[in-house]
Amino acid sequence: MWEWLLAPMDAARDHNVGWHLSWHARIMVLAWGVLVPLGIFTARYFKIAPGQDWPQTLDHHFWWNTHRICQYSAFALMLLGLWLILTAPPMATLPGPHWFLGWSVVALGLVQILGGLFRGTKGGPTEPGPDGSWRGDHFDMTPRRKAFEYLHKSAGYTALLLSVATIFSGLWQANGPNWMWLTLVMWWGGLIGLSVVLQRRGMAIDTYQAIWGPDPKLPGNQLKPIGFGVRRIEQQDAPIHRAEHKPTPGQ
Ligand code: HEM
Ligand code: HEM
């Protein structure tokens, strides 16, 4: 059993990786195997934080801070992992799809960061414009904000799926030991299982409602929510002025 776990995936090949490649792999797994999935998981299921008295208290920043901390650090780690592999001495690894998959994930990661940075203004009571009005790309769900949400969600989930294939193909080409892919399968399996439970509990709440409440008069609540399986709560009796607002830039 232990022998099998420690043995390389392909017994016919060596698992002889140098310092650059082993750190490339560890850092990329931390970035895309751990931080990115955790950041997405929190953004999807914790828009309303545990214990938050929604809709009396709106716009909880738990998901927002976690998402940015996870995704920015994953991006920085990815650049480090990339630098390591680009400066690695020539290696005797199997050729395969990893090169193409790896560069696609790098490109999509860049799209996500740029999309996040150029998503536009927030608006609403917590980030009013210079004239004091509540106008803002998110509050008004302008075409810019809609484009951000469609692009960010589709590119984000595509990157997540591709990163799984990238990690497995990298492990295969470098002929990593069996315990590595087995641990990753258990970790991803656990995350998928937990996502199914939280999805069934209706915790994938629409961002707009989580931030500004369910008042149907608000501009964003008159539109179809963006994204698959996103829940909108039908509630007529929680007017926005009852909520506590403090200036909180972002989202
Ligand atoms: C590697 C980088 C990133 C990836 C892979 C990523 C991925 C995602 C995904 C898949 C979602 C949708 C979650 C859901 O189903 O509700 C999401 C939501 C979001 N992300 Fe990111 N993200 C990244 C970086 C960023 C950055 C840097 C920012 C902002 C500075 C950002 C801002 C947001 C916002 C505002 C939402 C909520 C969108 C909405 O529900 O309307 N993301 N992200
Ligand atoms: C999502 C995570 C990962 C990304 C984004 C990624 C990205 C990349 C990129 C862009 C290259 C090509 C560099 C060049 O142009 O020469 C590369 C090469 C390589 N990576 Fe990764 N990598 C990831 C995870 C891994 C893992 C977990 C391993 C496992 C040991 C690994 C092993 C390799 C190997 C063996 C090469 C050289 C062989 C080849 O280019 O086909 N990578 N990686």
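## Ligand 2 and its pocket

Ligand 2 sits in the largest pocket of this predicted model, and the elements that contribute two or more residues to the shell around it are α2, α3, α4 and α5. The shell around ligand 2 holds 22 residues, of which H24, H98, W99, W103 and Q173 come nearest.

Several polar side chains lie within reach of ligand 2. Two of these contacts involve oxygen atoms of the ligand: a polar side-chain atom of W99 lies 3.0 Å from an oxygen atom of ligand 2, and an N or O atom in the side chain of Q173 is 2.9 Å from an oxygen atom of ligand 2. In the case of H24, an N or O atom of the side chain is 2.9 Å from a nitrogen atom of ligand 2.

## The iron atom of ligand 2

The protein donates to the iron atom of ligand 2 through the NE2 atoms of H24 and H98, which lie 2.0 to 2.1 Å from the metal. These two histidines link distant parts of the chain, since H24 belongs to helix α2 (residues 19–45) and H98 to helix α4 (residues 98–117), 74 residues apart.

Six donor atoms surround the iron atom of ligand 2, and because they subtend angles of 87 to 178 degrees, the arrangement is octahedral. For six octahedral donors, the ideal angles are 90 or 180 degrees. H24 counts as buried because its relative accessibility is 10%, under the 20% cut-off.

## Ligand 1 and its pocket

Ligand 1 sits in the second largest pocket, where 20 residues surround it, the closest being H67, E149, H152, Y157 and T207. Helices α2, α3, α4 and α5 each supply at least two residues of the shell around ligand 1, and α5 gives the most, with six residues.

The polar contacts of ligand 1 include two to oxygen atoms of the ligand, one in which an N or O atom in the side chain of R44 is 2.9 Å away and another in which a polar side-chain atom of K153 lies at 3.2 Å. A nitrogen atom of ligand 1 is 2.8 Å from an N or O atom in the side chain of H152.

## The iron atom of ligand 1

For the iron atom of ligand 1, the protein donors are the NE2 atoms of H67 and H152, at 1.9 to 2.0 Å. This pair, too, links distant parts of the chain, with H67 in helix α3 (residues 62–86) and H152 in helix α5 (residues 143–174), 85 residues apart.

The six donor atoms around the iron atom of ligand 1 subtend angles of 88 to 178 degrees, and the arrangement is therefore octahedral. With a relative accessibility of 14%, H67 counts as buried.

Key. Residues are numbered from 1 along each chain as its sequence is written. Chains are lettered from A and ligands numbered from 1 in the order in which they are written. This is a predicted model: local features need pLDDT of at least 70, side-chain atom pairs count only at pLDDT 80 or more; totals for chains, interfaces and linings use all residues. Side-chain values use heavy atoms; hydrogens and water are left out. Donors are N, O and S atoms within 2.8 Å of the metal (3.2 Å for Na, K and Ca); water is not among the atoms, so sites may look incomplete. Four donors count as tetrahedral if all angles lie between 85 and 135 degrees; four count as square planar and six as octahedral if opposite donors are over 155 degrees apart and all others between 65 and 115; anything else is irregular. Helices (H or I, at least four residues) and strands (E, at least two) are DSSP runs, numbered from the N terminus. Buried means under 20% relative accessible area, exposed over 50%, partly exposed in between (1.4 Å probe, protein chains only). A residue is near a molecule or strand if one of its heavy atoms lies within 4 Å of it. A polar contact is a pair of N or O atoms within 3.5 Å; within protein, one must be able to donate a hydrogen and the other to accept it, and residues adjacent in sequence count only if both atoms are side-chain atoms. On a 1 Å grid over the protein atoms alone, a cavity is a set of points where a 1.4 Å probe fits but cannot get out, and a pocket is an open set with protein on both sides within 12 Å along at least five of seven lines; lining residues have an atom within 4 Å of a point. A molecule sits in a cavity or pocket if more than half of its atoms lie within 2 Å of its grid points.
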